[in-house]
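Me: I am new to this structure and should be grateful for a close look at a single part of it. Please take me through the sheet and its surroundings in one connected account.

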Amino acid sequence: MATPRALVRSLQRLRISPQSLSQFGRPSVSTCSRIKLSSPSTCHSRTTASLFRQFSTSPLRQHGHIHPPKPGEELYVTFIDKEGKEHKLAVSQGDNLLDIAQAHDLEMEGACGGSCACSTCHVIVLDEEYYEKMPEPEDDENDMLDLAFGLTETSRLGCQVVMTKELDGLRVKLPSMTRNLQASDFGSKQ
């Protein structure tokens, strides 16, 4: 796939002007129509049409993937960081603890991006009554929790804890350390 820079170089070699692009039915908002070339020239429609292909992009996702709660619909979660400082945050229903922590610059890595493939978003639920309100951890989460540093009976992965009305007032503690095991850690030693 050609990069935008390679596309510009190809257009300059062919000396295609932005005005000639519109005659081939390309959208006026495309990347190609924003290219400014100094020397206008003409070319054959077959050559030009074969150079330009339609492409699309995915919408940009913001860091954290969370939205501020609507007034009156706030849920509260308190994170206790590694230094013991409490951070009480208003969140929306459906947000997970990993996204919430990262959106508020708390020290939670989430190396796998929330796909339940590491233990770097490990949290300790402080109140057992809230732990009981959470759905049982699935096998994937339990496998990752086995690798977590400082595992307790009320440990969960932040990426798997989704805020609901039942969890309003949840308090979680971030462990003093995390482990990020990678496949390269298990390579053969010579």
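Reply: In this predicted model, Phe79 stands opposite Val172 in β5. The two strands concerned, β1 and β5, pair in the parallel sense over four bridges. Val172 also has a counterpart in another strand, for Val125 stands opposite Val172. Here the direction is antiparallel, with two bridges joining β3 to β5.

The side chains of β5 can be followed one by one. Leu170 and Val172 are buried and point to one face, whereas Arg171 and Lys173 point to the other face and are not buried. Such alternation between the two faces of a sheet is what a regular strand shows in general.

These pairings belong to an open sheet of five strands, in the order β2-β1-β5-β3-β4, with mixed pairing. β2 and β4 (155–157) stand at the edges; each has a single partner strand, so one side of each is left without a neighbour in the sheet. From one strand to the next, the twist averages 35 degrees. The partner of β4 is β3 (residues 122–125), which runs antiparallel to β4 and is joined to it by three bridges. Within this pair, Ile124 has Ser155 of β4 as its bridge partner.

Phe79 and Leu170 appear again in the largest nonpolar core, which has 28 residues; both are among those with the most contacts inside it, as are Val77, Leu97, Ile100, Met108 and Met163. At least two residues of this core come from each of β1 (75–80), β2, α4, β3, α5 (128–133), α6 (139–145) and β5 (170–173). The largest share, four residues, is supplied by α4. In soluble globular proteins, nonpolar side chains tend to be buried together.

Ile100 illustrates the contacts in detail. Leaving aside residues up to four places away in sequence, Ile100 touches Ile66, Val77, Phe79, Leu89, Val91, Asp95 and Met163.

Met163 leads on to the end of the edge strand β2, since with the same exclusion of residues up to four places away, Ser92 touches Met163 together with His67, Pro68, Pro69 and Leu75. Ser92 lies in the loop between β2 (86–91) and α4 (97–103). Is this residue buried or exposed? Ser92 counts as buried because its relative accessibility is 14%, and the cut-off for a buried residue is under 20%. A polar atom of the Ser92 side chain lies 3.0 Å from the backbone oxygen of His67.

Note on methods: Residues numbered from 1 in each chain as written. Predicted model: local features only at pLDDT ≥ 70, side-chain atom pairs only at ≥ 80, totals over all residues. Heavy atoms only, no water. Buried < 20%, exposed > 50% of the residue type's maximum accessible area, 1.4 Å probe, protein only. Polar contact = N/O pair within 3.5 Å; in protein donor to acceptor, adjacent residues only side chain to side chain. Contact = heavy atoms within 4.5 Å. Pairing = 2+ DSSP bridges. Axes fitted to C-alpha atoms, helices over the stretch in contact; angles between N-to-C directions. Core = buried A, V, L, I, M, F, W, Y, C linked by side-chain atoms within 4.5 Å.
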